Every structure is written in structure tokens, then in C-alpha cells.
Amino acid sequence: MDKKDEINQIIDLPIAQRTYFSNPYSNLFKKLLLISPFLLIAISFSALRLKSYLYPFPIKNLYSQTQENNAHRILGHLPYGEISEDKLVLIEPNIEVHVDMSKSLLQMREDAKKDGIYLTFLSGYRSVKLQNDIFYSLKSIRNQVAAERAKVSAPPGYSEHSTGFAIDIGDAKNRDTDFEVEFENTNAFKWLKMNAAKYHFKLSFNKNNKYIDYEPWHWRYEGSIEALKVFENSNRND
Ligand SMILES: [Zn+2]
């Protein structure tokens with residue numbers, strides 16, 4: 001048999017009948033592989049929708065925001081803007097406060113009186129300039145370094161008093177406890193602790209404050225949206 005015949009014989013051979021094993025799973029797998037990008041997009045989209053439904057507020061950034069807010073502190077104090085003059089009202093000689101809190105503050109003093117408690121207002125609004133004088137002059141008089149002084153007085157631009165929403169309160173019957181931690185033992189303080197919240201007043205620097213020393217005489221007003229906005233950072237981080 002020559003070469004040509006040999007090739008013809010091979011070509012003439014009947015094609016073997018082959019049964020291809022068709023695997024139904026492999027087809028399904030191929031289909032899944034084809035639609036997988038679309039599936040992925042659909043799953044991610046639903047997950048995002050579910051997340052925004054479960055957590056309507058962007059809480060994911062709370063931790064980093066806390067870090068950021070704390071980075072703005074100076075010697076433990078948060079920065080505060082100065083109230084515009086048209087929002088200030090004189091409630092007694094030398095005591096000016098934010099007009100929004102004046103009514104509530106005076107009402108609180110009146111109601112305390114009915115219980116035999118005599119509250120006295122020691123300090124309300126303080127300008128950044130006055131805060132500057134207090135911070136630097138007292139620091140030098142007391143021969144304290146800034147960090148020590150900051151424990152009892154805020155640096156200028158960092159005092160709640162410049163917002164008009166802060167008030168230092170004393171006991172008219174115990175004036176020797178003015179601006180002293182001993183104020184906490186007076187009837188005035190005990191009354192405030194029981195009742196101040198009714199008038200939207202809150203102790204700013206309590207015993208657990210991480211940054212600033214305990215100030216039982218220093219209260220702030222949180223009875224308006226503006227006040228709440230002003231103290232938002234503080235309430236989130238203290
Ligand atoms: Zn104060």
C-alpha cells in the first residue's frame with residue numbers, strides 16, 4: 001500500500017460515535033460565571049440599601065470625628081465662638097447672658113427661692129478679651145504654667161462663657177464657697193443637682209470629665225437648638 005492509499009484509508013474510517021457526558025452542573029456553573037458581575041453589583045446595592053435603612057445616620061465616622069474634635073482641644077478645652085452682641089441681655093449689673101437662656105435662668109432662681117434656696121450669679125458672658133486677661137493675668141499672679149491654669153480657667157477662645165450660654169452660680173448664704181469645689185456641699189448645689197435639668201441647665205465639668213477639673217459652680221444652658229449645636233462636640237466627647 002502506497003502512502004496515498006494509506007491516507008485515503010484513514011479518511012474513510014467512520015467517525016466514532018462519541019457520547020459526550022453532559023454535566024448539568026457545569027452548565028449552571030458557566031451561567032453563574034456569566035452573570036456573576038451583575039449578581040455582585042445587585043448584592044452590593046442591596047447591602048448598601050439595607051445599611052442605610054438600619055443606620056440612617058452616618059455613624060461610621062463617629063470615631064474619626066471624635067479624634068478630629070479632640071485634636072481641636074487646647075489644654076483640654078474645646079474652641080467656642082463669641083456670641084454676637086445683639087443676642088446678649090443684661091440680667092443684673094455685670095451679668096450678661098444669651099437672650100435665649102435668660103428667661104429660664106431667672107425662672108430657676110425664682111423657683112429656688114420658693115424652696116428657701118438663694119442662688120447668686122457670679123459670672124455669665126465673658127468676652128474673648130476678658131477671658132484673655134483672666135487667663136494670662138491670673139496665670140502670672142499665681143505663677144502657674146498654662147497647663148495648670150487651664151484646669152480651672154479656659155484659654156481665650158476656648159471658654160463656654162464666650163457663647164453666652166454658661167453661668168457660674170454661687171450660694172448667696174455661703175459666699176466663701178464661690179468658685180470652690182466646696183460649693184458642692186451647699187444647699188444651692190444640692191438644689192441645682194435635683195432641679196437644674198428642668199430648666200435645661202447642665203453641669204459642664206463633672207467629676208468624670210477627662211480634660212477639665214470638676215467645677216460644681218459652672219452650668220451651661222442646652223434648652224435651644226443653637227445651644228445644643230454649640231455644645232454638640234462637648235457632649236459627644238466628654
Ligand atoms: Zn464658669
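# A guided tour of the predicted model

The protein chain comprises nine helices and six strands, where helices (H or I, at least four residues) and strands (E, at least two) are DSSP runs numbered from the N terminus. This is a predicted model, in which local features need pLDDT of at least 70 and side-chain atom pairs count only at pLDDT 80 or more, while totals for chains, interfaces and linings use all residues. Residues are numbered from 1 along each chain as its sequence is written, and side-chain values use heavy atoms, with hydrogens and water left out.

Begin with the whole chain. Of its 238 residues, 36% are buried; buried means under 20% relative accessible area, exposed over 50%, and partly exposed in between (1.4 Å probe, protein chains only). Among contacts with a separation of 6 or more, 65% are between residues 24 or more positions apart, contact meaning heavy atoms within 4.5 Å.

**The zinc ion**

Select the zinc ion next. Its coordination comes from His161 (NE2), Asp168 (OD), Asp168 (OD) and His218 (ND1), at 2.0 to 2.7 Å. Donors are N, O and S atoms within 2.8 Å of the metal (3.2 Å for Na, K and Ca), and water is not among the atoms, so sites may look incomplete. The angles subtended by the four donor atoms run from 52 to 151 degrees, which makes the arrangement irregular. Four donors count as tetrahedral if all angles lie between 85 and 135 degrees; four count as square planar and six as octahedral if opposite donors are over 155 degrees apart and all others between 65 and 115; anything else is irregular.

Along the sequence, the donor residues follow the spacing H-x6-D-x49-H. His161 belongs to the loop between H6 and S4 and His218 to strand S6, so the pair ties together parts that are 57 residues apart in sequence. Both His161 and His218 are buried.

**The aromatic rings**

Now display the aromatic side chains. The whole structure holds nine aromatic pairs. Rings of Phe, Tyr and Trp (its six-membered ring) pair if their centres lie within 6.5 Å; planes under 30 degrees apart count as stacked, over 60 as edge-to-face and the rest as tilted.

Select Phe165 and Phe231: their ring centres are 6.4 Å apart and their planes stand at 70 degrees, so the pair is edge-to-face. Phe165 is in the loop between helix H6 (146-149) and strand S4 (166-171), and Phe231 in the loop between helix H8 (225-230) and helix H9 (232-237), so this pair ties together parts 66 residues apart in sequence. Phe165 and Phe231 are both buried. Add Tyr80, Phe201 and Tyr221 to the selection, and the cluster that ring pairs link together with Phe165 and Phe231 is in view. Over the ring of Phe231 sits the charged end of Arg220, 4.5 Å from the ring centre; this requires NZ of Lys or CZ of Arg within 6 Å of the ring centre and within 35 degrees of the ring normal.

**Helix H7 and Leu119**

Move to helix H7 (187-195). Its buried residues are Ala188, Phe189, Trp191, Leu192 and Asn195. They span an arc of only 160 degrees around the axis, which puts them on the same side of H7; the arc is that of the directions from the helix axis to the C-beta atoms. The face turned away from this buried side carries the exposed residues Lys193 and Met194.

Finally, select Leu119, in strand S3. Leu119 counts as buried, at 6% relative accessibility. Beyond residues up to four places away in sequence, Leu119 touches residues including Ala188, Trp191 and Leu192.
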